[in-house]
Amino acid sequence: MSASSGSIAIIGAGSVGAAIAYSLLLRQVVADLILVDINEEYCQAQVEDLSDATFLSNVRIRQGTADDARNADIIIISAGAKQKPGETRIGLIDRNIKVLESVTRSLQPIRRDAILLIVANPVDILTFYAQRLSGLPRNQVIGSGTMLDSIRLTGILANRLKVSDSSIHAFVIGEHGDSQCVAWSSATVHGRPLLKALPLTETEREEIATTTRMKADSIIKVKGFTSYGVAAVTARMCEAIIFDHRKILPLSHWQENLGCCLSLPVVLGRKGVSPFPVDLEESELQFLMQSAKALRTVIEGNDVNSVGS
């Protein structure tokens with residue numbers, strides 16, 4: 001695949017931001033990558049390290065500023081505090097909202113057709129605030145949401161069925177966090193309902209959902225952070241945007257009827273996201289409503305009206 005002539009800016013040169021840059025470099029999504037961080041010396045070191053890998057592609061990478069980033073086709077915000085062992089993603093909210101507010105302010109005036117991707121946690125809450133703070137249309141401000149959770153789920157199911165991951169279509173919906181749920185009723189394997197191809201008891205389904213939800217925690221407990229999975233997911237999102245692939249992915253976006261941002265399948269292309277209908281059972285709808293309620297409670301507790309004022 002040859003790189004597009006466009007550019008992508010990554011705000012935050014830490015472990016996640018650098019991994020995203022490396023994935024984009026290897027995938028040759030765009031010709032120019034811009035890495036931005038408040039720690040300029042560290043950012044420059046990351047750029048120099050990453051530039052040693054550019055011989056594998058036709059991609060250029062450089063250190064930049066907010067002035068450079070605001071004119072990129074896609075702006076990825078990975079800047080923020082890391083999730084500590086045992087800490088929930090929601091626990092990061094106070095620290096990372098302040099970071100987000102500072103970043104979005106520095107990006108003004110932002111390019112009007114830019115796509116803003118949020119990968120920092122808690123991603124659903126930050127996506128909500130990013131929509132408010134950036135001034136961009138809501139369909140152009142997207143969070144990575146439960147895409148990585150869905151990939152983890154697909155991997156577990158594919159292993160059980162002894163088939164390739166690409167043969168399975170299954171989504172985790174709701175919050176990227178404790179209140180997420182698996183949309184079992186819409187899951188398929190090569191077009192066949194998954195629960196017919198792989199009959200699972202209620203207990204087995206709960207175990208799979210828990211394993212999916214807790215995977216990041218188990219990694220963070222040992223190595224302190226996760227980066228490769230979210231980097232690969234972000235690269236896939238960028239490909240869909242730059243090349244207008246119109247892929248259906250579970251991403252965090254504004255839900256008018258729920259009053260928050262959370263993940264449901266959407267069509268992702270150059271202009272951002274557009275809704276894609278999904279049929280859910282009543283129990284799954286109840287989980288989704290509970291997830292939305294949990295997110296709204298956090299938003300209301302953080303006095304949304306004071307953010308960006």
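This is a short tour of one helix, one small sheet and two single residues. Keep in mind that the model is predicted.

Let's start with helix H5. It covers residues 123–134. Does its length agree with what a helix should span? At 1.5 Å a residue, its 12 residues should span 16 Å. The end C-alpha atoms are 15 Å apart, which agrees.

Now, how many of the 12 residues of H5 are buried? The count is 11, so the helix is largely enclosed by the rest of the structure. Among them are Val-123, Ile-125, Leu-126, Phe-128 and Leu-133. Polar names are on that list as well, including Asp-124, Thr-127, Gln-131 and Ser-134.

What do these buried residues pack against? Two helices, to begin with: H4, at 93–106, and H10, at 282–301. Then come strands S5 (115–118), S6 (141–143), S12 (247–255) and S13 (260–269). Just after H5 comes Gly-135, with a positive phi of about 80°.

Next, the small sheet. This one is open, with three strands in the order S7-S10-S11. The pairing is antiparallel. S7 (168–169) and S11 (192–193) are the edge strands. Each has a single partner strand, so one side of each is left without a neighbour in the sheet. Look at S7 and S10, where S10 is residues 188–189: two bridges join them. Ile-168 stands opposite Val-189 in S10.

On to the record. UniProt, in an unreviewed entry, lists His-176 under "active site". Where is His-176 found? Look in the loop between strand S8 (172–173) and strand S9 (181–182). Is His-176 buried or exposed? Its relative accessibility is 10%, so it counts as buried, the cut-off being under 20%.

The same kind of record gives a domain. UniProt's unreviewed entry places "Lactate/malate dehydrogenase C-terminal" at residues 146–300. In the model, that span is 48% helix and 21% strand. Its end C-alpha atoms lie 22 Å apart.

Last stop, Gln-255. This residue sits in strand S12, one of the strands that the buried residues of H5 pack against. Gln-255 is buried, at 9% relative accessible area. Which residues does Gln-255 contact, leaving aside neighbours within four places in sequence? They are Cys-260, Leu-262 and Leu-264.

To recap: H5 is largely enclosed, the three-strand sheet is open, and both His-176 and Gln-255 are buried.

How values were computed:
Residues are numbered from 1 along each chain as its sequence is written. This is a predicted model: local features need pLDDT of at least 70, side-chain atom pairs count only at pLDDT 80 or more; totals for chains, interfaces and linings use all residues. Side-chain values use heavy atoms; hydrogens and water are left out. Helices (H or I, at least four residues) and strands (E, at least two) are DSSP runs, numbered from the N terminus. The expected span of a helix is 1.5 Å times one less than its number of residues. Buried means under 20% relative accessible area, exposed over 50%, partly exposed in between (1.4 Å probe, protein chains only). Contact means heavy atoms within 4.5 Å. Two strands pair if DSSP finds at least two bridges between them. UniProt positions are given in the numbering used here, feature names are shortened, and annotations may be inferred rather than shown by experiment.
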